[in-house]
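Trainee: I should like to study one part of this model closely rather than survey the whole. Please choose a single segment, and explain how its residues relate to the rest of the chain.

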Amino acid sequence: MDTTPEHISSRTAAAWTVALAVLGGFTGFAWDGPFLAVTCALSLGGGAAVGTILSRRRMIATIREGQGKAAALGYADGIADMMVLGISAYRASVFPLSGPDAVDAAERRARRTAAYRLTAADGLPHPVREAAAAALEAIDDGSERDTQSAIEDLMKAVQEQRRDA
C-alpha cells in the first residue's frame, strides 16, 4: 500500500465523497423517493469532492509535517539508544566483572572512541548530550559509584526525551 501524502489524500477524498453521496442518497430516498435520492447524492457527493479538492494542499502539508516530526523523533531516539549502548560497552571495558586485567588497553580505547563519537552525533537533545558527557567523564575518572549515578542520570534523560516527544 502506497503511503505517500498524495495517495493518502486521494484515498481520504474518495472515502469522504462516497460516504457523503451514500448518506445523501439514503436521506433523499427517505424524504421523497428516488428522484430526491439521486439529487441529494449528487449534491452531497459533489460538495464533498469540491471540498476535498480545495483542502488537499493543506492536508498534504499537514501529513508531511507529521512525517517529518516522526522521522526526527525516531532518529533522536535511535541515536540516544545507540549512545547508551556505546557508553555501556565502554563502561564494561573499564569496569569488567572478571577483573581489571580482563580487557586489554586497545579494546578499551576502541570502545572509548566509539562512545565519544556516538555522544557527538547530530540530533541528540542538549540534556541527553550533557548527561552522556557526565557519564563519560565519570567513567574516565575511574569512580564506579559516580559512574553508576551518571549512567542512571543518562537513562533518565533519555526517558525524559521520549516523554517530551
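Mentor: A definition is needed before we begin: helices and strands are runs assigned by DSSP, with at least four residues for a helix (H or I) and at least two for a strand (E), numbered from the N terminus. Please also bear in mind that this is a predicted model.

Read along the sequence, the protein chain follows the pattern α-α-α-α-α. It has 5 helices and 0 strands. The radius of gyration of the protein chain is 29 Å, whereas the globule rule gives 15 Å for 165 residues, so the chain is more spread out than a compact globule. The box that its C-alpha atoms fill, taken along the principal axes, is roughly 90 × 25 × 25 Å. Buried residues make up 28% of the 165 residues. Of the contacts with a separation of 6 or more, 63% are between residues 24 or more positions apart.

The segment I have chosen is helix 2, which covers residues 34–94. Let us follow it in order of residue number.

We start with T52, which is found in helix 2. T52 counts as buried because its relative accessible area is 11%, and the limit for a buried residue is under 20%. Which residues does T52 touch, if those up to four places away in sequence are not counted? They are A13, W16 and T17. Helix 1 covers residues 5–32 and includes V18. V18 is exposed, at a relative accessible area of 53%, in contrast to the buried T52. Together with V22 and F26, V18 makes a nonpolar surface patch of about 310 Å².

Another residue of helix 1 is E6. Leaving aside neighbours within four places in sequence, E6 is in contact with R56, I60 and R64. The C-alpha atoms of E6 and R57 are separated by 9.2 Å, although the two residues are 51 residues apart along the chain. E6 counts as partly exposed because its relative accessibility is 29%.

The next point concerns charge. In general, side chains of opposite charge can pair when their charged atoms come close. In this model the count comes to 5 salt bridges. One of the pairs is E65 with K69, whose closest N and O atoms are 3.3 Å apart. Both E65 and K69 lie in helix 2, 4 residues apart, which is about one turn of the helix. E65 is partly exposed at 47% relative accessible area, and K69 is exposed at 52%.

Further along, D77 meets R162 in a salt bridge, with an N to O distance of 3.8 Å. D77 lies in helix 2 and R162 in helix 5, so this pair ties together parts that are 85 residues apart in sequence. D77 is partly exposed at 21%, as is R162 at 30%. D77, R162 and D81 are linked in a network of salt bridges.

Now compare two neighbours, M82 and M83. M82 is in helix 2 and is partly exposed, with a relative accessible area of 42%. The C-alpha atoms of M82 and T119 are 9.1 Å apart, while the residues are 37 apart in sequence. As for M83, which residues does it touch, not counting those up to four places away in sequence? They are L118, T119, L124, V128, A132 and L154.

M83 brings us to the nonpolar interior. In soluble globular proteins, nonpolar side chains tend to be buried together. The largest nonpolar core of this model has 23 residues, and M83, I87, V128 and L154 are those with the most contacts inside it. The elements that give two or more residues to this core are helix 2, helix 4 (126–141) and helix 5 (144–164).

To put these points together: T52 of helix 2 touches A13, W16 and T17. The salt bridge between E65 and K69 joins two residues of helix 2 itself. D77 of helix 2 pairs with R162 of helix 5. Finally, helix 2 is one of the elements that contribute to the largest nonpolar core.

Definitions and conventions
Residues numbered from 1 in each chain as written. Predicted model: local features only at pLDDT ≥ 70, side-chain atom pairs only at ≥ 80, totals over all residues. Heavy atoms only, no water. Buried < 20%, exposed > 50% of the residue type's maximum accessible area, 1.4 Å probe, protein only. Contact = heavy atoms within 4.5 Å. Core = buried A, V, L, I, M, F, W, Y, C linked by side-chain atoms within 4.5 Å. Patch = residues over 30% accessible without salt bridge, like charges linked within 9 Å, V, L, I, M, F, W, Y side chains within 5 Å. Areas by Shrake-Rupley, 256 points an atom, 1.4 Å probe, with all protein chains shown as cover. Salt bridge = Lys/Arg side-chain N within 4 Å of Asp/Glu carboxyl O. Rg over C-alpha atoms; globule rule 2.2 N^0.38 Å.
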